[in-house]
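I kept these notes while going through one model. They follow the order in which I looked things up.

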Amino acid sequence: MREARRAGAEAADCGPKLDPLVDAARDRAALASMAWAVDRLGGDSPAAATMAADLSADARAIVGRWLDELRRSGHLSADIRWVSAPPSRAEVDRAWAEALALAPDPGAGGALTRFFAACSRNLPALLTGEVRLQSLLFDQDDIAAEIYRTNEASRYTNAAAAEVVRARCRGVLRSGRTPQVLEVGGGVGGTTEAVLDTVRDLPLRYHFTDVGDWFVTRACTHWAGRAGLSAGILDINDASERQREALGDLAGGIDVVLAANVMHNAVDVSSSLRILADLCRPEAALALIETGTEHLPLLISMRFLMTLPPPGSGIGGDRTRTGRTLLDTTDWSEVVAASGWDLLDVLPGPDDDHPAARYDQHVWHAVRAPKETDR
Ligand SMILES: C[S@@+](CC[C@H](N)C(=O)[O-])C[C@H]1O[C@@H](n2cnc3c(N)ncnc32)[C@H](O)[C@@H]1O
C-alpha cells in the first residue's frame with residue numbers, strides 16, 4: 001500500500017536518527033554483559049551456566065540464547081569454552097559508557113541505552129527474578145516512549161500501521177457504516193497514540209485491549225473523553241468463545257485489527273491469528289507489527305518479559321528448542337498467510353534500503369481471507 005509506505009518513510013524521516021555506530025556500540029556492550037553474566041554463573045565451564053541453581057526454565061532458556069550469541073560472535077568456541085578471558089564488571093560498564101557517549105540524549109537513543117545498561121547491571125537479579133524488568137522499564141517515561149514510539153523504526157511502523165487503519169476506516173465509512181477497530185496488546189499505547197492521531201477526524205469505534213489490567217486502566221484514564229474509545233481485557237491466548245465473550249457486541253463486527261509487538265506472545269501464533277480473523281467482518285484489515293531479529297540488547301532486556309511457548313513445531317520451528325521467542329520475517333509472512341488472512345504487503349519490505357529496515361521491524365498488512373459464509 002503506497003500511502004502506508006509513504007507515511008512510514010515520512011515519519012521515520014521526521015525526528016532523531018540513530019547513528020549505526022550507536023547500534024554497534026550497544027551490541028558490543030550487550031555481548032560483554034552476556035559474557036560477564038555467563039562467567040558469573042558458569043565460571044571455567046560456561047556451558048554449566050544454564051544449569052546454575054536458582055534459575056527457572058525461562059531463565060535457563062535465556063542463558064542458552066546468550067551462549068548461542070557468544071558462540072556466534074567468537075567469544076566462545078564451538079565446544080563452549082572461552083576464546084579469550086570474559087570481561088570484568090568494570091569493562092562491561094566501560095562498554096556501556098562508550099555507547100552512552102555516542103547517544104547521550106533521551107529521545108535520541110539515550111534513554112534506551114541507559115535502560116540497557118541498567119539491565120546489564122541487574123542481569124543476575126533479573127535471572128533469579130529478584131528484580132523484575134518492569135521496575136527498570138517503567139523507571140522513567142522516556143524509556144517506553146523510545147522503545148515503542150520515538151525511535152526511527154517505530155516511527156516508520158506506527159505511521160504505516162496507522163495509515164492501514166485509516167484506509168480501511170475510510171472504506172467502511174464510504175459504505176455508510178461506522179468502522180470498528182480492535183487493538184490487541186495495546187500496552188503503553190505507543191502505536192495507539194500514532195493511530196488515534198491519524199484517524200482523529202473520522203467517526204469510529206476503537207476498542208483498546210491488553211491482557212494486563214494496569215494497561216487497560218491506564219488507557220481508560222489516558223484517553224478519557226476521546227469519543228468512540230473503549231478499553232477492556234483480552235487475552236490472545238484465550239479460546240475463541242472466551243474472546244467473543246470479552247468483546248461482546250464487537251465480536252464478528254471488527255473492521256480492523258491492530259496488533260503491535262504482541263503476537264509473538266501467542267502460544268500458537270497461527271491459532272491466535274485465526275481467532276482474530278474469525279472476529280472480523282469480510283474485507284477487514286490486519287496491521288501487525290513485529291520484529292524479525294532478536295537484537296542483542298533485547299536479549300538482555302525485553303527478553304525477560306517474553307515466555308517461550310510450550311514444545312511443539314509450528315511455523316518458525318520448535319521455539320523451545322531454538323530458544324527464540326520471535327519468529328523471523330519469512331515465518332511471519334508465512335504464518336499470516338496460513339491463518340485466515342491474505343497478505344498484501346510488508347512495510348518496509350525485508351530488502352528495502354530504507355534505514356528503518358535495518359532494525360528488521362515491519363508492518364504486515366493483510367486482509368481477512370474470504371469465507372464460504374461471507375456470501
Ligand atoms: C511489547 S508490549 C507492546 C505494547 C504496544 N503494543 C506497543 O507496541 O506500543 C506487549 C504488550 O502485549 C501484552 N500482552 C502480552 N501477552 C498478551 C496476551 N496473551 N494477550 C494480550 N496481550 C498480551 C503485554 O501486556 C504488553 O502490553
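In which loop is Pro348 found? I located Pro348 in the loop between β6 and β7. Helices (H or I, at least four residues) and strands (E, at least two) are DSSP runs, numbered from the N terminus.

**Ground rules.** The model is predicted, so I kept to its limits: local features need pLDDT of at least 70, side-chain atom pairs count only at pLDDT 80 or more, and totals for chains, interfaces and linings use all residues. Residues are numbered from 1 along each chain as its sequence is written.

**Backbone entries.** I checked the bond leading into Pro348: the peptide bond from Leu347 is cis, with omega near -15 degrees. I then looked for positive phi outside glycine and noted Asn261, near 55 degrees, and Asp360, near 60 degrees. As background, most residues other than glycine have a negative phi, and most peptide bonds are trans.

Asn261 lies in the loop between β4 and α13 (269–278). For burial I count other C-beta atoms, placed from the backbone, within 10 Å of a residue's own: 20 or more is buried, 12 or fewer is exposed, and in between is partly exposed. Asn261 is buried because 21 other C-beta atoms lie within 10 Å. Asp360 sits in the loop between β6 and β7, and its 18 C-beta neighbours inside 10 Å make it partly exposed.

**Helix α1.** Does the length of helix α1 (residues 2–13) agree or disagree with 1.5 Å a residue? The expected span is 1.5 Å times one less than the number of residues. For the 12 residues of α1 that gives 16 Å, and the end C-alpha atoms are 16 Å apart, so the two agree.

I listed the buried residues of α1 as Ala4, Arg5, Ala7, Gly8, Ala9, Ala11 and Ala12. Their cover includes α9, β6 (341–347) and β7 (361–368). Asp13 also belongs to α1, but it counts as partly exposed because it has 14 C-beta neighbours inside 10 Å. From Asp13 to Tyr156 I noted 143 residues in sequence and 8.4 Å in space, C-alpha to C-alpha. Just after the helix, Gly15 takes a positive phi of about 135 degrees.

**Arg155.** This residue is in helix α9 (residues 152–174). Is Arg155 buried or exposed? It is buried, because it has 23 C-beta neighbours inside 10 Å. I take two residues as in contact if their C-beta atoms, placed from the backbone, lie within 7 Å. Leaving out residues up to four places away in sequence, Arg155 touches Ala11, Ala12, Gly15 and Thr150. I also looked up Arg28, which is 127 residues from Arg155 in sequence and 25 Å away in space, C-alpha to C-alpha.

**Helix α10.** I found helix α10 (residues 190–198) mostly covered, with 7 of its 9 residues buried. They are Gly190, Thr191, Thr192, Ala194, Val195, Leu196 and Thr198. The elements they pack against are α8 (141–150), α9, β1 (180–184), β2 (205–210), β4 (254–260) and β5 (280–291).

**Ligand shell.** Which residues come nearest to the ligand? Of the 20 residues around it (C-beta atom, placed from the backbone, within 6 Å), Tyr148, Gly185, Gly187, Gly190 and Asn265 come nearest. I sorted the shell into 9 nonpolar, 9 polar and 2 charged residues. Here Ala, Val, Leu, Ile, Met, Phe, Trp, Tyr, Cys and Pro count as nonpolar, Asp, Glu, Lys and Arg as charged, and the others, Gly among them, as polar.

**Gly340.** I placed Gly340 in the loop between α16 (329–337) and β6. It counts as buried because it has 20 C-beta neighbours inside 10 Å. Not counting residues up to four places away in sequence, Gly340 touches Leu273, Arg274, Ala277, Asp278, Arg368 and Ala369. Pro370 is 30 residues from Gly340 in sequence and 8.3 Å away, C-alpha to C-alpha.

**Domains.** The chain divides into domain 1 (17–148) and domain 2 (152–292 + 327–368), with bounds from an automatic or database domain assignment. Their C-alpha centres lie 31 Å apart. For the interface I noted 5 residues of domain 1 in contact with 6 residues of domain 2. The domain 1 side has 4 nonpolar, no polar and 1 charged residues.
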